[in-house]
Amino acid sequence: MRDNDSGTPRTKWSRSQRFRLTPAGRQAGDAYRRDIVASRVEAGRNSFDAARSEWAARLSLEPTDGLYLGELLEAPRTIPEIVASLDGCGPQRAEVRAAIERLVQLRMMELVAPPPAPPPPLRRW
């Protein structure tokens, strides 16, 4: 564990650690997509912002959490993969990491256990 700028403990994950959605996270991600698509009926950014805020309030999440849940709907990903796919959308690596830590604590995301190590090769003399 390491301390970050805010003074709270920071979980240390390997660079190759993958994350996936829990069933609750999958439901929240699906609801986010439905709400955002439904908000397109009205024109403008206000309907999008209102839909995100309502979704977040209903699930006790942050409005930006829908971005991170949406990135994992298809398949498990690492933090660098999530950061790369959200490049240009606004969040920086530190923000992505903080959001993932929070979503793991809220049990919306979980760590993917790495596959077992392959057996050592047979030694032939």
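This is a short walk through one chain, from its sheet to its helices, its core and two loop residues. Hello everyone, and please keep in mind throughout that the model is predicted.

Let's start with the sheet. Three strands form an open sheet in the order S4-S3-S5, and the pairing is antiparallel. Strand S4 (77-78) and strand S5 (109-111) are the edge strands, each pairing on one side only.

How many bridges join S3 to each of its partners? With S5 there are three bridges, and with S4 there are two. If you want to find the register on your screens, look for Leu21, whose bridge partner in S5 is Met109. Arg20 has Glu110 as its bridge partner in S5. Over in S4, Arg77 is the bridge partner of Phe19.

Now, which residues of S3 sit on its covered face, and which on its uncovered one? Phe19 and Leu21 make up the covered face, while Arg18 and Arg20 are on the uncovered face. As a reminder, side chains in a regular strand alternate between the two faces of the sheet.

Before leaving the strands, a word on Thr78, which belongs to strand S4. Is Thr78 buried or exposed? Its relative accessibility is 8%, so Thr78 counts as buried, the cut-off being under 20%. Beyond its neighbours within four places in sequence, Thr78 is in contact with Arg15, Ser16, Gln17 and Arg18.

On to the helices, and my favourite to look at here is H1, residues 23-39. With 17 residues at 1.5 Å a residue, helix H1 should span 24 Å, and its end C-alpha atoms are indeed 24 Å apart, so the two values agree. The buried residues of H1 are Gly25, Ala28, Gly29, Ala31, Tyr32, Ile36 and Ser39. Because these cover an arc of only 165 degrees around the axis, they lie on the same side of H1. Turn to the other side of H1 and you will find Pro23, Gln27 and Arg34 exposed.

What do the buried residues of H1 pack against? Their packing partners are strand S3 (18-21), helix H2 (45-59) and helix H3 (65-71).

That brings us to the core. Nonpolar side chains tend to be buried together in soluble globular proteins. In this model, the largest nonpolar core has 25 residues, and Trp55, Tyr68, Leu69, Ile100 and Met109 are those with the most contacts inside it. Two or more residues each come from S3, H1, H2, H3, helix H4 (79-85) and H5. H5 gives the largest share, five residues.

Let me zoom in on Ile100. Setting aside neighbours within four places in sequence, Ile100 is in contact with Trp13, Phe19, Ile79, Ile82 and Met109. Two of those names should sound familiar from the sheet: Phe19 is on the covered face of S3, and Met109 is the bridge partner of Leu21.

Finally, two loop residues to click on. Ser60 lies in the loop between H2 and H3, and its phi is near 55 degrees, a positive value in a residue other than glycine. Arg107, in the loop between H5 and S5, is not a glycine either, yet has a positive phi of about 65 degrees. Are these two buried or exposed? Ser60 is exposed, with a relative accessible area of 62%, and Arg107 is exposed too, at 64%.

Thanks for listening, and I'm happy to go back to any of these views.

Key: Residues are numbered from 1 along each chain as its sequence is written. This is a predicted model: local features need pLDDT of at least 70, side-chain atom pairs count only at pLDDT 80 or more; totals for chains, interfaces and linings use all residues. Side-chain values use heavy atoms; hydrogens and water are left out. Helices (H or I, at least four residues) and strands (E, at least two) are DSSP runs, numbered from the N terminus. The expected span of a helix is 1.5 Å times one less than its number of residues. Buried means under 20% relative accessible area, exposed over 50%, partly exposed in between (1.4 Å probe, protein chains only). The arc is that of the directions from the helix axis to the C-beta atoms. Contact means heavy atoms within 4.5 Å. Two strands pair if DSSP finds at least two bridges between them. A nonpolar core is a set of buried Ala, Val, Leu, Ile, Met, Phe, Trp, Tyr and Cys residues joined through side-chain atoms within 4.5 Å.
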